[in-house]
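Here are my notes on the model you sent round. I went through the ligand site before anything else, then picked out a few residues that deserve a second look.

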Amino acid sequence: MRIDVVSIFPEYLAPLELSLIGKARQDGLLDLRVHDLRDFTTDKHRSVDDTPYGGGAGMVMKPEPWAQALAAVAAAASVAGAGEAAGGAGAMAAEPAKPVLIVPSPAGERFNQALAHELAEEDRLVFACGRYEGIDERVIEWAEEHFTVRPMSLGDYVLNGGEVAVLAMVEAIGRLLPGVVGNPDSLVEESHSDGLLEYPVYTKPASWRDRDVPAVLLSGNHGKIAQWRRHEQYRRTAERRPDLLEAFDAGKLPRADRTAF
Ligand SMILES: Nc1ccccc1-c1cnco1
């Protein structure tokens, strides 16, 4: 997968050089490139924002630098994509699909684990990090010609820009790519992997500050352990995220199991 990120604070994305995602990049499992929006300005002040039409506080990001940056990214990525799609010299180059352009925004669709899995299937992703009061809306309209545009929110709260959201989304997506996580089994029993919260985990010592590990986990009875873990998932989800449990009430949770909540 190739990921391009455009930001006025490229150094904000430095954490993506670390740990799991950093190693995936070194191993060639993820081609992630960060671009400075100011490199696509033409004035001596490298300005990227201006006052909003209609008045109001704050500044709006100018359209032209974004169009220049996104067009450059689309062109660069499509050259790479076309090469792959062509299957080598001589073959007819297949028209690469339009990259997905994710625009982090409080006004976007809600990002979740299902979307992380969906986006992990894409060949290319482009992230546009807005700042100030946002990006001139005409950029989003123009971008539809070159991208599948998806404004996306991490949740109902306000950030100062899209970079933090990109860090979270790239980690959530990147870790799902083949070969990135050492043991793929560990991706199966995580919170939200099956729509429920994960069960509690314990390690040595078996007794710590007068608190004991649940006896079933020391029993060696794998059927009982699996049953206990599943029950804990439902109990936790009912307690902390009843909204998620609705989907299970509808189809996944046998009624008999509801007696415990
Ligand atoms: N508040 C924001 C401001 C700028 C870019 C993204 C966001 C955002 C994303 N998810 C929640 O908020």
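1. A term to settle before the contacts: a polar contact here is a pair of N or O atoms within 3.5 Å. Keep in mind, too, that this is a predicted model. With that cut-off, an oxygen atom of the ligand pairs with a polar backbone atom of Tyr-157 at 3.2 Å, so the pair counts as a polar contact.

2. Two more backbone pairs involve ligand nitrogen. Leu-154 puts a backbone N or O atom 2.9 Å from a nitrogen atom of the ligand. Leu-159 does likewise, with a backbone N or O atom 2.8 Å from a ligand nitrogen. How much of the ligand does the protein bury? On its own the ligand exposes 300 Å², and the protein buries 92% of that.

3. Now the shell itself. Around the ligand you'll find Pro-104, Ser-105 and Pro-106, along with a second set made up of Ser-153, Leu-154, Gly-155, Tyr-157, Val-158, Leu-159, Gly-161 and Gly-162. Strand β5, residues 100-110, supplies the largest share of this shell, with three residues.

4. What about the chemistry of that shell: how many nonpolar, polar and charged residues does it have? Six are nonpolar, five are polar and no charged residues turn up. If you're wondering about the class labels, glycine is counted among the polar ones. As for the space taken by the ligand, that is the largest pocket.

5. Ser-7 is worth opening in your viewer. Ser-7 belongs to strand β1, residues 2-7, and is buried, with a relative accessible area of 0%. What does its side chain pair with? There is a polar contact to the side chain of Glu-163 at 2.6 Å. A polar atom of the Ser-7 side chain also lies 2.7 Å from the backbone nitrogen of Phe-9.

6. Two residues other than glycine have positive phi, so please check them both by eye. For Ser-19, phi is near 50 degrees. Ser-19 sits in helix α1, residues 19-26, and counts as exposed because its relative accessibility is 65%, against a cut-off of over 50%.

7. The other one is Tyr-132, not a glycine either, with a positive phi of about 60 degrees. Tyr-132 is placed in the loop between β6 (124-128) and α4 (137-143). With a relative accessible area of 36%, Tyr-132 is partly exposed.

8. There's a cis peptide bond to look at as well. Going from Lys-204 to Pro-205, the bond is cis, with omega near 5 degrees. Pro-205 is located in the loop between α5 (163-174) and β8 (207-208).

9. Pro-214: buried or exposed? Pro-214 counts as buried at 19% relative accessibility, because the cut-off for buried is under 20%. Its location is the loop between β9 (211-212) and α6 (222-240). From Pro-214 to Asp-31 the C-alpha atoms are 44 Å apart in space, and the two residues are 183 apart in sequence.

10. Last one: Glu-144, in the loop between α4 and β7 (148-153). Glu-144 is partly exposed, with a relative accessible area of 39%. Its C-alpha and that of Phe-127 are separated by 14 Å, with the two positions 17 residues apart along the chain counted as their sequence separation.

Terms used. Residues are numbered from 1 along each chain as its sequence is written. This is a predicted model: local features need pLDDT of at least 70, side-chain atom pairs count only at pLDDT 80 or more; totals for chains, interfaces and linings use all residues. Side-chain values use heavy atoms; hydrogens and water are left out. A residue is near a molecule or strand if one of its heavy atoms lies within 4 Å of it. A polar contact is a pair of N or O atoms within 3.5 Å; within protein, one must be able to donate a hydrogen and the other to accept it, and residues adjacent in sequence count only if both atoms are side-chain atoms. Accessible areas come from the Shrake-Rupley method with a 1.4 Å probe; for residues, only the protein chains shown count as cover. On a 1 Å grid over the protein atoms alone, a cavity is a set of points where a 1.4 Å probe fits but cannot get out, and a pocket is an open set with protein on both sides within 12 Å along at least five of seven lines; lining residues have an atom within 4 Å of a point. A molecule sits in a cavity or pocket if more than half of its atoms lie within 2 Å of its grid points. Helices (H or I, at least four residues) and strands (E, at least two) are DSSP runs, numbered from the N terminus. Buried means under 20% relative accessible area, exposed over 50%, partly exposed in between (1.4 Å probe, protein chains only).
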